[in-house]
Structure formats: C-alpha cells, structure tokens
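User: Could you take a close look at the aromatic rings in this protein and at the nonpolar surroundings they belong to? I would like one connected walk-through that I can follow with the model open beside me.

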Amino acid sequence: MLRRRRLAIGLIGLLCAATPLIGVYLLGLWHIRTEGHEIAEMVAQRAIRRAERIIGRSVVTLTELELLGVKGCSLRELDMMRRSVYANFAVKEVAVTGADGTTLCNHTGDVAAIRPASAPADSADGAIRLRTVLFPDTDSPGLMLSLRLASGRALDAVIPGEVIATDIVPMALRGGAYGALVLNDGSVIGAMPAGTRLTPAAFADQEPFTGRAASDQFPISFTFRVPTALIWEETRPLREWAGLGGALASAIIACGFALIARRGPSESNLIRAGIERGEFVPHYQPVVDIQRGRLVGCEVLIRWRRADGTVSMPGAFIAHAEATGLALPMTLGLMRKVRDELEAAYAARPELKLSINLFDDHFEDLQIVEDVETIFGRSRIRFDQLVFEVTERQPLADLERARLVIQRLQDLGARVALDDAGTGHGGLAYLQELGMDVVKIDKLFIDTIGTDRISAPVVDSLIKLAHDLGMEVIAEGVERIDQLQYLRMRDVEAAQGHLFAPALPGATFLELVRATAEAGTVAEDTDGAAMDPLAAFRIGGEEGLGRRASQGRTPS
C-alpha cells in the first residue's frame with residue numbers, strides 16, 4: 001500500500017512538474033510562430049517600398065532624358081545620358097534602342113548593352129515597361145526599364161538586382177531566411193541575401209513563415225521566407241528543458257532559465273547598455289592633403305569595445321542602431337569623447353578638421369544643432385574645425401527640413417560633406433539642394449582607377465562637378481600609389497585610406513598629430529619644389545608615420 005501511495009504521489013508530482021514546462025513550451029512555440037509571421041511580412045513590406053523608390057527615381061531619370069530630347073547617339077545626347085547615370089547611381093546603364101529592339105548605343109558610347117531575359121510587363125500607367133536582365137559577366141539578375149519614344153525608339157535603364165534587393169534581413173534570422181524580388185511573371189530581379197541564386201521554384205512550397213508584398217505602381221512583388229527549421233531551432237532550449245521533468249520547484253526554475261536562455265538580451269538592450277557604459281569609442285582615420293603632403297584632419301569612426309575586451313566594427317551594430325533610433329544618443333556620446341580626447345591637440349593645431357558622421361534621423365529637427373552648440377560651444381575645438389558628413393546611402397525624408405538643419409550647422413561655422421557620394425539616393429540632387437561644402441568620393445569608385453571597368457569616369461565626373469560648384473573633394477579608400485597619382489593629377493585636394501593609415505585609436509592618432517607637427521607640413525627638394533606627398537607625409541613603407549602609428553609604435 002505504501003509503495004502504491006508513493007507511486008501515485010510520484011506520478012502526480014511528475015504531472016505537476018511537467019504541466020508548467022509543457023505549457024511554457026507550447027506558449028513559446030506560439031510566440032515564435034506569431035513573431036515569424038510578423039517579421040516575414042515586415043521585411044516584405046520594407047523591401048517592396050524600397051524597390052518602388054529606386055524604380056520610381058529611375059523612371060524620372062528616363063522621363064527627364066525624353067524631355068531633353070535624347071533619342072539618338074550624338075555626343076550631346078551621350079553626355080546627357082552619362083550625366084543621368086552619375087546623378088542616379090542605382091542605374092548601371094542607360095541605352096537607346098531601335099524600333100526592332102537593337103541597341104544603338106549606351107551612355108558609354110558602346111553598343112554592347114545588357115540584354116533582357118524576360119518578356120516586357122507594363123507599369124501601372126503603361127508608360128514604362130519592365131523586364132529582367134542577366135549580367136553576362138556575373139550571371140546575376142537585374143531590372144531593365146524601357147520608355148518608348150515617339151520616334152519608335154526607346155530609352156532603356158538597367159538597375160542591378162543587388163541595388164534593389166538590399167539585405168535587410170534581421171540579424172537573428174541571417175543564415176537561413178531569404179527573399180526574392182520578382183516580376184509578375186515570376187522572373188527574379190534580385191535576391192536577398194545578395195548573391196543568392198533563386199528561382200520561382202524556391203517559393204513553390206509555402207513555408208509557414210512567408211511574407212509577400214506587391215507593388216501598386218509596378219508589376220513587381222517581393223516574397224520573404226523564413227524556413228521552419230530556423231524557427232524550430234529557436235525553440236530548442238524550451239524543448240530540452242521540457243524533457244527534463246522533475247519537481248515543481250525545479251520545473252519553475254528550469255522554465256525561467258529556458259526563457260532567459262532562449263530569448264537572451266535583445267540587440268537593442270545590448271546597444272543601450274553599451275551606450276550607458278560608454279563602450280562606444282572613437283577611432284580616427286587621418287585625412288591627408290595630397291597636393292602638399294600634410295595632415296589636415298581626420299574622420300571619426302565608431303567602434304564597440306565591449307566589457308570582455310572584444311571590439312566590434314560598425315557593420316555589426318550601426319544598422320540596428322539607426323533603425324531603432326539608438327544612433328542618436330550613440331552619436332552624442334561619441335562627440336563628447338572626441339571633444340575630451342582631441343581638445344588640446346586641436347586647440348594647438350587650428351588648421352586641423354574633425355569629421356563626424358550624422359544619420360538621417362539627425363535631420364528630422366534642429367536638435368542636433370543644439371547638441372553641437374552644447375558639446376563644442378565651450379570647448380577649445382572651434383566650430384570651423386568641424387565637418388559633419390551626410391551619407392546618401394539612406395534617403396533623407398524631408399530635403400527642405402534637412403537643408404534648414406545644414407544651414408544652421410553652417411551658420412555656426414561648421415562645414416557639411418556629402419559622404420559615400422554616388423552610391424545612394426541623393427546624387428546630384430543632394431549637391432544642388434542641400435548646399436554641401438565637401439564631396440567625399442566613395443571607395444567603390446576609387447577602386448575602379450587603373451582598371452578596365454567603365455565606372456572610372458564617375459570619379460572624373462564627380463571631381464569636375466564638385467569643383468564647378470566650388471566644393472572641396474576628398475577621396476576615400478585610397479590604397480595604391482597609382483590611385484594617389486591619378487587623384488593628384490585631377491587636383492583632388494585630400495584623401496584618406498590605408499595607403500596613409502587605417503583608423504587609429506585616440507592615443508595613437510594624437511602621437512601622429514604631434515609627429516606631423518614636428519616634421520613640418522611640406523617637404524621640399526633641393527630646388528625648392530614640393531616633393532611627392534607620400535614622401536612629405538612620410539607614410540610610405542616601414543618608416544611611415546601612419547603605418548608605424550597603426551602598429552602601436554611612437555612615430556619619430
């Protein structure tokens with residue numbers, strides 16, 4: 001009898017212990033499945049809205065060319081086509097095709113145009129026809145827009161798929177989730193993650209976590225899919241704990257531990273805690289006057305130095321910080337650290353400039369102007385030493401409001417630079433409408449110098465446009481001597497990149513500032529002529545200041 005009673009109590013205890021664990025397990029599954037649907041729909045909606053913006057801007061580009069009378073291949077018309085490509089860097093190629101579809105010329109003057117891979121489909125208003133293309137050199141997909149002209153000819157614009165389908169997959173789902181932007185006939189325009197080779201068959205059997213969004217303007221849709229295996233993997237801690245059993249007290253402890261182990265601190269909470277602990281620190285990439293061979297300042301680059309000593313690069317956290325608004329307090333903390341670290345050195349060297357990156361949220365109101373006045377107003381770093389960089393990789397929601405913010409920063413004495421020029425949404429419009437002072441040419445285009453790629457003329461066009469507008473030009477990502485020589489011959493004022501020095505921690509950069517001050521600003525040969533800027537700045541080879549500083553040695 002006693003044994004039976006103990007057995008019954010044991011069974012009841014086992015059921016009582018298992019019940020809360022099973023309940024938590026099922027609740028966790030329901031939560032993850034609900035979240036999976038929401039994430040899939042959210043990503044699909046964001047992707048289709050971004051695709052509409054990029055395609056819509058390209059439609060405007062073709063319409064402007066039509067209004068300008070572009071319908072042939074004269075030198076004037078080719079020049080207008082080239083300018084349109086430089087102003088809208090989502091477009092890889094603009095071409096004129098004959099009534100029979102034969103390519104007459106493209107913006108480079110060639111006739112080797114990228115050919116369509118699908119039948120045309122009309123946009124909502126019927127004026128633009130869309131087709132998929134395959135780039136012959138990479139076999140990657142893209143999109144061709146065609147605007148029929150009155151003469152029977154057409155203007156075509158080609159957009160690479162990776163430009164339209166930028167990877168916006170949440171960090172927790174990377175490595176398994178994927179999506180595709182397709183025409184209504186199912187042909188793939190672009191895939192996410194970039195470089196993924198997808199076909200319509202990849203979406204034939206619908207996973208439980210699939211989001212789809214269709215455009216009202218163009219015959220395109222975006223489908224995003226989170227595999228069941230990925231969601232099932234997320235439930236592993238709960239399933240393991242559910243199998244343990246045990247006493248009710250142990251079950252409650254195990255349940256709480258499983259929830260904490262499964263969920264963990266969110267990325268937002270980790271970043272927020274890092275801001276509060278001051279873990280986001282500045283590094284400084286030197287900017288060099290390549291005409292005179294002297295240090296003229298630096299760009300502030302952020303690093304995340306965690307409590308365990310590991311250091312994360314911006315690519316690991318900056319996108320999430322921007323999306324959640326945490327980039328705003330992050331930037332404020334960074335500016336305070338920069339002020340405290342460089343104040344004495346910059347007070348002694350008033351010719352040095354200090355470049356700080358701003359994000360699209362900074363241009364929603366005038367708060368950033370007040371923050372700059374508060375942080376630097378009473379410091380020995382002068383306003384005219386500050387340069388604020390505006391990236392065009394993310395579109396500014398209100399250009400008129402952004403122009404007001406930029407004007408107020410300029411009224412303080414600071415300058416404003418267009419960062420990543422040629423890679424995003426603004427292009428020529430940002431230069432004309434926002435009143436920039438400096439243009440920074442992205443490494444993407446600097447890399448084309450000395451190669452056979454047709455993007456190299458973009459560098460010349462940006463340099464000429466900036467100089468015509470009375471703006472300074474800074475080249476980013478300079479890594480080779482031939483790039484430096486090319487830029488010097490075209491009167492580019494300054495450059496930064498690993499040819500000079502990588503991004504340096506504060507103490508090392510301050511040593512570089514001191515060393516360049518001691519070495520003098522311009523070296524001269526025996527005839528009094530300016531030497532090569534590499535020799536003047538003394539950064540090349542083992543004896544270079546920038547290289548020695550980056551290796552932790554004190555420059556002499």
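**Aromatic rings and the nonpolar core**

Analyst: Happy to. F280, W304 and F317 are joined into a cluster by ring pairs. Please keep in mind that this is a predicted model. At W304 there is also a charge to look at: the charged end of R306 sits over the ring of W304, 3.7 Å from its centre. A second arrangement of this kind involves R490, which lies over the face of Y486, at 3.5 Å from the ring centre.

Now to the ring pairs themselves. The structure holds four aromatic pairs. One of them is formed by Y284 and F509, and this pair is stacked, with 5.3 Å centre to centre and 25° between the planes. It links distant parts of the chain: Y284 belongs to strand β11 (residues 280-289) and F509 to helix α16 (residues 506-519), 225 residues apart. Are these two rings buried or exposed? Y284 counts as buried because its relative accessibility is 0%, and F509 counts as buried because its relative accessibility is also 0%. The cut-off behind both statements is that buried means under 20% relative accessible area.

From F509 you can step straight into the largest nonpolar core. This core has 77 residues, and those touching the most other members are M335, L342, L354, F388, V478, L487 and F509. Its largest share, nine residues, comes from helix α9 (residues 327-348). L342 is a handy place to centre your view: leaving aside residues up to four places away in sequence, L342 touches Y284, C298, L354, I381, F509 and L510. Both partners of the stacked pair are therefore among the residues that L342 touches. There is also a second, separate core of 44 residues, and V59, L155, L183 and A213 are included in it. In soluble globular proteins, nonpolar side chains tend to be buried together.

Zooming out, the chain has 18 helices and 20 strands. Of its 556 residues, 48% are buried. Among contacts with a separation of 6 or more, 64% are between residues 24 or more positions apart. The accessible surface of the chain comes to about 26000 Å², and 55% of it belongs to carbon and sulfur atoms.

For a contrast with the buried rings, turn to D411 in helix α11 (residues 399-412). D411 counts as exposed because its relative accessible area is 54%, and the cut-off for exposed is over 50%. The C-alpha atoms of D411 and F383 are separated by 9.6 Å, with the two residues 28 apart along the chain.

Methods. Residues numbered from 1 in each chain as written. Predicted model: local features only at pLDDT ≥ 70, side-chain atom pairs only at ≥ 80, totals over all residues. Heavy atoms only, no water. Helix = DSSP H or I, 4+ residues; strand = E, 2+ residues; numbered from the N terminus. Buried < 20%, exposed > 50% of the residue type's maximum accessible area, 1.4 Å probe, protein only. Contact = heavy atoms within 4.5 Å. Areas by Shrake-Rupley, 256 points an atom, 1.4 Å probe, with all protein chains shown as cover. Phe/Tyr/Trp six-rings, centres within 6.5 Å; stacked < 30°, edge-to-face > 60°. Lys NZ or Arg CZ within 6 Å of the ring centre and 35° of its normal. Core = buried A, V, L, I, M, F, W, Y, C linked by side-chain atoms within 4.5 Å.
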